[in-house]
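Reader: I'd like a close look at one polar side chain in this model and the atoms it touches. After that, take me on a tour through the charged pairs, the ligand site and the surface.

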Amino acid sequence: MRSKIAQELAEETFDVAIVGGGINGAVAAASLSASGLKVALLEKKDFAGSTSQESSNLVWGGIKYLESYEFSLVWDLCRSRNELMKKYPSSVREIRFFTTLQKGFRKPRIMVFMGAVLYWFMGRFFTKAPRLLSKETINAEEPLVDTAQSQGGLEYSDCYLRDNDARFVFQFMRRAMRSGTKALNYAEVVKATKTDLWNFEVMDHESKQTIQVKSKVFINAAGPYADMLNQLSSIKTQHRHIFSKGVHLIVPRLTDNKRVLTFFADDGRLFFVIPMGACSCIGTTDTPVQTLPAVVTDEDRTFILDNINKRLKLAKPLTRADVISERCGVRPLVKKVGEKVGVDDDWMNLSRKHAIETHKAEKHISVFGGKLTDCLNIGRELFHELNTLGFKGRLTQDWFGESPERARFEKEAEALGLGGIQVAGEGTLIDRLWRCYDLDVFEILALIESDKTLLDAVSPSSSVILAEFVHMAKREMVSHLEDALRRRTRLALVAPHEELANSPVLKRACALLFKENADREWQRYFH
Ligand SMILES: Cc1cc2nc3c(=O)[nH]c(=O)nc-3n(C[C@H](O)[C@H](O)[C@H](O)COP(=O)(O)OP(=O)(O)OC[C@H]3O[C@@H](n4cnc5c(N)ncnc54)[C@H](O)[C@@H]3O)c2cc1C
């Protein structure tokens with residue numbers, strides 16, 4: 001599949017080349033190819049291999065931005081959240097944020113509650129109403145929370161991605177590829193020059209060949225790397241990025257209640273315990289960094305563990321030995337060129353708005369900032385930018401969203417005996433397969449029908465089954481075991497490393513994925 005796409009990329013001239021296969025690149029490809037444009041997408045790592053695999057997995061209206069009076073940002077994010085809830089009812093789900101406030105918090109509890117009511121209003125009352133929590137209610141409903149220093153709290157609603165951010169990105173990528181996008185992962189743009197067309201020199205890190213790609217328009221969706229890419233292409237912009245590092249630690253599930261436990265950490269920012277399958281994801285940090293990629297430091301780990309141990313009544317404090325996996329990314333935050341960032345700047349209050357900058361003469365568009373929650377706006381705005389560059393097309397409503405075939409799938413899956421298979425923290429197998437594969441799920445059913453052993457789960461910590469690996473090998477451009485374990489599924493996040501390393505079923509999955517190269521890929525991942 002890869003080599004055919006690489007060949008097509010070299011042979012054709014595209015209307016648009018998108019550089020970057022994170023959420024912004026993926027929505028751009030989905031919206032533009034659905035509107036009839038010929039689209040190429042180039043990603044230097046795996047799809048969603050950078051920032052878009054390191055988020056908090058929240059689809060939220062940004063309640064915390066009310067504190068910095070960014071009402072229009074919250075209004076827009078709430079609208080995007082609601083739209084994603086409607087269009088992805090299986091994978092974007094409402095969840096309660098069970099918030100505990102410490103005594104002496106910077107705002108009175110009633111004021112924070114009024115903020116949550118305003119937030120509910122700005123969310124067009126689309127979720128359940130907020131609720132004030134007394135200390136006694138917190139003790140009764142979530143005894144895990146240490147309320148010794150608490151003044152009570154509140155509960156409000158937002159949404160989370162039931163699977164993983166990277167899987168969410170892949171849903172857009174799959175939709176884009178179905179509409180004709182030629183997308184290649186492990187394909188790095190190393191040179192971009194403009195003649196009458198944009199000419200890209202692309203290093204295919206898999207085949208070790210250089211590919212020449214041509215397009216009329218260049219969209220820079222390289223996330224935190226956008227400034228570097230603009231430098232490489234001699235494009236001068238009015239915006240630039242600064243970076244804030246965010247770390248999460250994943251530990252065995254701390255509470256069986258399906259809610260996000262919300263606190264304010266010692267540095268004053270929101271701090272979450274978010275359900276992630278049979279695990280809990282704790283974080284995050286927010287610290288300025290200058291260089292990429294950012295890495296998790298001992299200081300980050302200590303900050304997260306200390307903060308959570310102070311706020312929960314655990315039988316035994318969490319230590320590094322409890323950490324199953326770590327996530328670390330940088331938030332690309334937008335600044336105007338020339339605007340200073342001083343040591344006195346409140347980093348946590350820097351605006352999270354995105355910016356799209358178009359250079360008409362060069363037919364070049366840069367995307368700065370953005371959030372997973374904001375993705376539909378970015379897809380639409382890029383379509384309009386292409387119109388201003390003279391491309392005519394129509395953006396139909398169906399460039400995103402879950403397909404309407406779930407009922408038929410459930411019937412067929414139950415007839416095959418998949419009904420009733422439950423996995424801790426993930427709901428039923430049927431539900432998860434639908435969320436992750438949408439229409440492609442029928443191919444997975446056909447595989448199971450032809451070989452029942454493909455129903456074997458690869459690890460006790462998750463419901464991922466062998467049939468998914470056979471499907472991935474054919475359709476999901478998996479080049480390395482890490483692509484399958486960390487991004488197409490979230491096994492690498494929720495299953496302990498040793499459990500995976502000792503799983504004979506995963507060995508078989510690796511053989512199904514990589515055939516004669518299975519040993520090499522196994523060694524590459526585990527050693
Ligand atoms: C800790 C943290 C928590 C967050 N939590 C949330 C949240 O809960 N909800 C939310 O909505 N948002 C959240 N965000 C924000 C959100 O994750 C990011 O804004 C979003 O993922 C950025 O997507 P992107 O496509 O712009 O960048 P990326 O995902 O970084 O994609 C850019 C891609 O470009 C590729 N690239 C770069 N240079 C080249 C080149 N020369 N050739 C080819 N490819 C190239 C990179 O490899 C990369 O994959 C969070 C961010 C962080 C860091």
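**Side-chain contacts**

Author: Start with S157, whose side chain makes a polar contact with the side chain of E94 at 2.6 Å. Keep in mind that this is a predicted model. That same S157 side chain makes a polar contact with the side chain of R96, at 2.7 Å. If you're tracing the chain, you'll find S157 in strand β6, which runs over residues 150–161. S157 counts as buried because its relative accessibility is 3%, and the cut-off for buried is under 20%.

From there, on to the charged pairs. Side chains of opposite charge can pair when their charged atoms come close. Searching the whole structure turns up 42 salt bridges. One of them joins E8 and K182, with 3.6 Å between the closest N and O atoms. E8 sits in helix α1 (residues 2–11) and K182 in strand β7 (residues 182–184), so this pair ties together parts that are 174 residues apart in sequence. Both partners, E8 and K182, are buried.

Now try K38, which forms a salt bridge with E12; here the closest N and O atoms are 3.7 Å apart. This pair links distant parts of the chain, 26 residues apart: K38 is in the loop between α2 and β2 (39–42), while E12 is in the loop between α1 and β1 (13–19). How accessible are the two? K38 counts as partly exposed because its relative accessibility is 36%, and E12 is partly exposed too, with a relative accessible area of 22%.

For a pair within one helix, go to R487 and D483, a salt bridge with its closest N and O atoms 2.9 Å apart. The two are 4 residues apart in helix α14 (residues 481–488), so about one helical turn separates them. R487 and D483 are both buried. Elsewhere, salt bridges with shared partners join R162, D163, R406, E410, D431 and R435 into one network.

Next, the ligand. It is surrounded by 37 residues, and the closest of these are E43, T51, S52, L58 and G370. Sorted by type, the residues of the shell are 14 nonpolar, 16 polar and 7 charged. For the polar atoms, look at N24: an N or O atom in its side chain is 2.9 Å from an oxygen atom of the ligand. At S56, a polar backbone atom is 3.0 Å from a ligand nitrogen. At G370, a polar backbone atom lies 2.4 Å from a ligand oxygen. On its own the ligand has 1,000 Å² of accessible area, and the protein covers 97% of that. Four elements give two or more residues to the shell: α2 (23–34), β8 (187–194), β11 (239–252) and β16 (325–336).

Last stop, the surface. Y69, F71, W75, L118, F121 and F125 make up a nonpolar patch there, and together they have about 650 Å² of accessible area. Helices α3 (71–87) and α4 (109–122) each supply at least two of the patch residues. Take L118 as an example: you'll find it in helix α4. Why is L118 described as partly exposed? Its relative accessibility is 34%, which means it falls between buried, at under 20%, and exposed, at over 50%. Set that beside S157, where you started: S157 is buried.

Terms used:
Residues numbered from 1 in each chain as written. Predicted model: local features only at pLDDT ≥ 70, side-chain atom pairs only at ≥ 80, totals over all residues. Heavy atoms only, no water. Patch = residues over 30% accessible without salt bridge, like charges linked within 9 Å, V, L, I, M, F, W, Y side chains within 5 Å. Areas by Shrake-Rupley, 256 points an atom, 1.4 Å probe, with all protein chains shown as cover. Salt bridge = Lys/Arg side-chain N within 4 Å of Asp/Glu carboxyl O. Buried < 20%, exposed > 50% of the residue type's maximum accessible area, 1.4 Å probe, protein only. Near = heavy atom within 4 Å. Polar contact = N/O pair within 3.5 Å; in protein donor to acceptor, adjacent residues only side chain to side chain. Nonpolar A, V, L, I, M, F, W, Y, C, P; charged D, E, K, R; others polar.
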